[in-house]
Amino acid sequence: MQLSSLLVTLFITLLPQALAETINYNFNIVNANLAPDGFSRSTVVVNGQFPGSLISANKGDTVNVLVQNNLTDPTMRRSTSIHWHGLFQARNAHNDGPAFVTQCPIAPNHTYTYGLNLGNQTGTYWYHSHLSSQYLDGLRGPIVNPEDPNLGLYDVDDESTLIILGDWFHTLAPELEAQYKLATNTASVEELPQSGTINGVGRTSTDPQPARPTFTVNSGQRYRYRIINTSAIARFTFQIQGHSLTIIEVDGVATAPLAVDNLIIHPGQRYSVVVQANQPVDNYWIRAPMTARAVPPVPPNWATDSNNVNAVLHYVGAAGAEPTSEIPAISGTPLVESNLVPLTDPAAPGSPFPGGVDKVFNLTFKTGEDPVTGHGWRVNDVQYIPPTTPTLLKILSGAHDPSDFGTNENTLIINRGDTVEVNIFGPRDHPWHLHGHTFSVVKGASGVTNYVNPPRRDVTPSNGNGGITIRFTADNPGPWVLHCHIDMHFEAGLAVVFAEAPTEVVSGPDSVDPGDDWDALCPIYNALPLDEQ
Ligand code: C2O
């Protein structure tokens with residue numbers, strides 16, 4: 001080999017490492033009085049903002065997020081714990097964030113630095129509090145890796161093209177949670193949001209009306225909008241008047257471009273869509289009507305105009321701030337999830353028939369009464385109740401057998417390398433989310449079965465008693481929660497925890513080594529008085 005070509009080869013091999021950066025973020029977690037929908041209330045937010053600031057990083061980058069817990073408001077949780085939704089966290093389970101699964105919460109007046117590594121993940125993610133129902137109080141924000149195989153399909157992709165949707169509540173989360181858990185029938189008494197927000201701005205029918213968010217475009221340009229549903233309960237139907245949406249990414253997974261007119265986005269899900277500014281210069285409605293319930297009737301605490309979740313697509317040169325046309329109904333071709341095809345490695349793990357994997361789990365979930373645990377949600381008749389010692393700490397201390405975990409920890413063991421199939425049976429429209437992985441939606445809510453090139457993502461809705469089937473490969477040792485992303489349901493027990501390759505978590509090439517700051521979290525938290533927890 002000639003020296004010059006050797007140098008080129010060397011340069012190319014070293015390039016990814018050479019470009020990998022360490023990026024530091026400061027998350028000052030504070031209480032602030034905010035009025036996203038015109039109604040002022042105390043919140044729990046990152047750096048005083050709702051939604052929280054953007055984390056942006058590339059493949060291989062190390063992101064250090066210094067969390068400083070400065071929460072003081074005694075009417076909400078004062079400790080905190082942050083989950084980085086969608087990041088695999090290989091050998092990094094201790095930084096995944098769900099309280100009592102992978103860590104003890106961070107006490108007030110304490111700090112903890114989450115070290116995150118994006119590995120090969122590109123696309124759109126988000127972070128949120130994963131302590132009790134704290135994210136309802138505001139602690140949610142976006143994460144983006146802008147690198148993308150579909151780069152040639154759009155011209156603009158920056159902070160101005162983030163569309164962060166989220167429901168918003170006027171009642172503080174601890175009170176909502178208490179009301180929900182006291183209700184005798186948790187299925188029929190949902191605690192419903194007062195408004196739906198777009199980039200932190202919403203409207204109710206009674207409070208002052210903030211200006212609608214505006215997304216400005218130049219005629220002829222192509223925009224990549226990253227739509228994130230950060231809701232605690234609500235899903236949105238998204239449409240832009242007069243413009244089609246070409247989906248190119250689903251929950252961080254690049255997909256073959258798929259054009260639709262509208263899409264439903266469930267809590268936790270993300271879509272990137274390419275929108276061409278190819279219509280006459282004007283203002284157009286961006287619509288995201290909100291649904292917080294599978295089945296009518298609308299309950300009495302629904303104070304919302306759920307149709308009033310709108311923004312403006314503004315062409316440079318158009319007069320006025322809002323469209324003069326009436327707000328149109330949702331129309332045209334909806335997204336059917338089973339039409340989404342991953343761009344690379346689309347096959348589901350395992351063999352192409354039901355049960356064609358190393359390990360099958362059948363999970364049936366329902367709500368109801370239990371003589372021991374009371375009201376709540378259950379998976380296979382067990383209500384998930386978080387342990388006081390985090391699952392990861394138990395695993396690091398040698399727990400590896402189902403009997404090493406309490407019944408209410410609903411912990412399922414899987415082995416290194418297992419192909420895993422999970423069949424989930426229960427009422428429709430519960431968005432199931434798995435930590436530490438994406439999964440193939442072999443059979444989703446549309447009922448289509450596909451082993452060859454099914455959608456791959458990290459949140460998908462249930463489908464009534466026909467059931468859904470997801471598959472993944474156990475290639476990421478750690479304790480990973482699988483839970484309903486309707487937050488109150490999770491709080492009321494709708495979860496299981498996969499203890500994935502527990503012995504490999506402890507030692508060997510995939511082991512997890514949390515370090516002293518993580519070790520200190522539990523003793524500090526456990527010593528807190530109740531009102532600081
Ligand atoms: Cu958005 Cu348990 O996660």
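How much area is buried between domain 2 and domain 3, and what percentage of that area do carbon and sulfur atoms give? I opened the notebook with this, keeping in mind that the model is a predicted one.

**Entry 1, the interface.** I found about 2200 Å² buried between domain 2 and domain 3, with carbon and sulfur atoms giving 54% of that area. On the domain 2 side, I noted that Tyr180, Glu337 and Ser338 supply 23% of the area buried against domain 3, which is more than any other three residues supply. When I counted contacts, 29 residues of domain 2 touched 28 residues of domain 3, and the C-alpha centres of the two domains lie 28 Å apart.

**Entry 2, polar terms.** I then turned to the charged and polar pairs, and the rule gave 4 salt bridges across the interface of domain 2 and domain 3. I also looked up Glu337 and Arg457, whose side chains meet in a salt bridge at 2.9 Å, N to O; Glu337 had already appeared among the three residues that lead the buried area of domain 2. For polar contacts between domain 2 and domain 3, I recorded 13 residue pairs, counting those with both residues at pLDDT 80 or more. Asking which elements give two or more residues to the side of domain 2 that touches domain 3, I found helix H2 (173-182) and strand E18. The largest share of that side comes from H2, with 6 residues.

**Entry 3, the sheet that holds E18.** I followed E18 into an open sheet of 7 strands, ordered E11-E10-E9-E13-E18-E15-E16, in which the pairing is mixed. Strands E11 (201-202) and E16 (253-260) stand at the edges with a single partner strand each, so one side of each has no neighbour in the sheet. I checked E15 (residues 245-250) against E18 (residues 270-276) and found that they run antiparallel, joined by 4 bridges; Ile247 has Val273 in E18 as its bridge partner.

**Entry 4, bounds and annotation.** I wrote down the division into domain 1 (3-148), domain 2 (159-339) and domain 3 (359-526), and set beside it the unreviewed UniProt entry, whose annotation "domain: Plastocyanin-like" covers residues 31-144, 159-293 and 384-503. For the annotated span 31-144, I noted 0% helix and 38% strand, with the end C-alpha atoms 25 Å apart. For residues 384-503, the figures I took down were 11% helix and 41% strand, with 23 Å between the end C-alpha atoms.

Methods. Residues are numbered from 1 along each chain as its sequence is written. This is a predicted model: local features need pLDDT of at least 70, side-chain atom pairs count only at pLDDT 80 or more; totals for chains, interfaces and linings use all residues. Side-chain values use heavy atoms; hydrogens and water are left out. UniProt positions are given in the numbering used here, feature names are shortened, and annotations may be inferred rather than shown by experiment. Two strands pair if DSSP finds at least two bridges between them. Domain bounds come from an automatic or database domain assignment. Contact means heavy atoms within 4.5 Å. Buried area is the accessible area (1.4 Å probe) that two parts lose on being put together, summed over both. A polar contact is a pair of N or O atoms within 3.5 Å; within protein, one must be able to donate a hydrogen and the other to accept it, and residues adjacent in sequence count only if both atoms are side-chain atoms.
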